[in-house]
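Reader: I've got a protein model open and I'm a bit lost. Can you walk me through how to read it?

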Amino acid sequence: VLPFSDMSTARDQEYLCEGMAEEIMNALVSVPDIRVASRTSAFRASREGKELSEIGQALSVGHVLEGSVRAAGDRLRVTAQLTDVESGFQLWSERFDREAVEVFALQDDIAAGVVAAVQERLTPGERVLRARPRVADLDAYKHYLKGRHLRFTLNDLGAAAKAYSEAVRLDPSHAPSWEGLAEIQVLSAAYGLRPAQEAYAAATDALSKATHQGPSADASCVRGMIAFSKRDWAAAERAFLSAIEIQSDHVQSRCWLGDVLGVLGRSSEALPHLRHAQAVDPLSPYPYAMSGLFELIAGRAAEAEELFQQALGFEADNNLALWGSGMTRVALEQPDEGVALLRRAVTPAHHGGFLHGILGWALAVAGRRDEAMEIVEELRARPDTAPTLVSEAWVWAAFGEPDEAFRLLDRATEELQ
């Protein structure tokens, strides 16, 4: 399902076009016998301007759904067409003129059209998609879609959090927005942008407000991320397995589970999850970068660097791959190259204590003590968060002062209790 084209006069509805496609993906993914390519890979294929035959080959799919959206006031005009990529024949097409508040029904009608078009290829059985109610608050829904666009397309965590917050202010019952907020809270703690316990409490509170919608892979994944951050490996493993049980192709949970199992030394169990994530999301940097972290945890720096370079080949400024590759270059005794990569990773949107401290560690390993000490002073001017304390400990370890390093690690452990 490719992101729909924005045909609005102002061309300012990209978030709605992406959201339309993603919601149709979510409707189709529950249909037995239909495998839906992941959001990231499908959207990347579209942005790269690939031909339909290339998209089919890259994503291992036989059909592509395209469409367009024209938003005008409270009305939507949406077109959709399903194409067989091998023959190039259009199997189904439709135009819809609806009120914007009927967007859920519109998305369900498109999904139903796709199912009907491929019905003969499916095993016998009922293929009725569950109809959803009208949007409770259209403005809230638009802010939610903006949040998804900011989080997953633009990787702007702060702006995404504001969009989700506005969504739940307008509609406190919208569970997906609460889940989005919870994930960003955990990530903000991981980057050292917010004190860990404060962020985890906020994330847990947000999840508690999202539970009414029933089992959710996204919610289980966030619970796993919190447990991982607190080093509760058993709880993290349970949560990620729960997410995968709900949604087998949940890429984020597969990747995090792989890294949990890597930490526990269970590499043979971890690899199938990481490879599954790569197969599901073949054009996304994320599963390759997370697999790189797994290899780095296992002490295989050369293998890790190969995976980080694959990730950077998809997205040259991918933050996760940049700092992973930066650490790996240091491990490969190329500290100056590591410093350069880590400087690229410390962007305004990711200028937390963790990444800044890792940059200080790389400078210390490179023998650039004065520059590393400047970063230590900056870290000490920040609030004490566990990730910040841990990365500062790395700096002191690189200076050859283990007592100070262990003192900081003890404080970080206390902060996580």
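**Reading the sheet and its helices**

Author: Sure, let's begin with the sheet. Four strands make up an open sheet, ordered β1-β2-β3-β4, with mixed pairing. Keep in mind that this is a predicted model.

Reader: Okay. Which strands are the edge strands?

Author: Look for strands that pair on one side only: here they are β1 (5-6) and β4.

Reader: How many bridges join β1 to β2, and which way do the two run?

Author: There are two bridges between β1 and strand β2 (residues 63-72), and these strands run parallel. To find the spot on screen, look for S5, which sits opposite S68 in β2.

Reader: And what packs on the sheet?

Author: Two helices to look at. Helix α1 (residues 14-28) packs on the sheet and touches β1, β2 and β3; the direction of α1 makes about 140° with that of β2. Helix α4 (residues 103-117) also packs on the sheet, touching β2, β3 and β4, and the direction of α4 makes about 165° with that of β4.

Reader: Back to the strands. How do β3 and β4 run, parallel or antiparallel?

Author: Strand β3 (residues 75-84) and strand β4 (residues 90-99) run antiparallel, joined by nine bridges. V78, for instance, stands opposite F96 in β4. The two strands form a hairpin with five residues between them, and there G88 takes a positive phi near 80°.

Reader: Now helices. How are two packed helices described?

Author: You give the angle between their axes and the distance between the axes. Try helix α5 (residues 138-153) and helix α6 (residues 157-170): they pack at about 165°, with axes 8 Å apart. An angle over 145 degrees counts as roughly antiparallel, so α5 is roughly antiparallel to α6. Their crossing is left-handed.

Reader: Which residues meet there?

Author: From α5, they include H143, Y144, L150 and R151; from α6, they include L157, A163, Y164 and L170. By class, the contact of α5 with α6 has ten nonpolar, two polar and five charged residues.

Reader: Last one: is H273 buried or exposed?

Author: First find H273 in helix α12 (residues 267-280). The cut-off for buried is under 20% relative accessible area, and H273 has 14% relative accessibility, so H273 counts as buried.

Reader: What is H273 in contact with?

Author: Setting aside neighbours within four places in sequence, H273 is in contact with I244, R254, L257 and L261.

Note on methods
Residues numbered from 1 in each chain as written. Predicted model: local features only at pLDDT ≥ 70, side-chain atom pairs only at ≥ 80, totals over all residues. Heavy atoms only, no water. Axes fitted to C-alpha atoms, helices over the stretch in contact; angles between N-to-C directions. Parallel < 35°, antiparallel > 145°, perpendicular 65-115°, else oblique. Left-handed = near helix turned anticlockwise from the far one by under 90°. Contact = heavy atoms within 4.5 Å. Nonpolar A, V, L, I, M, F, W, Y, C, P; charged D, E, K, R; others polar. Pairing = 2+ DSSP bridges. Buried < 20%, exposed > 50% of the residue type's maximum accessible area, 1.4 Å probe, protein only.
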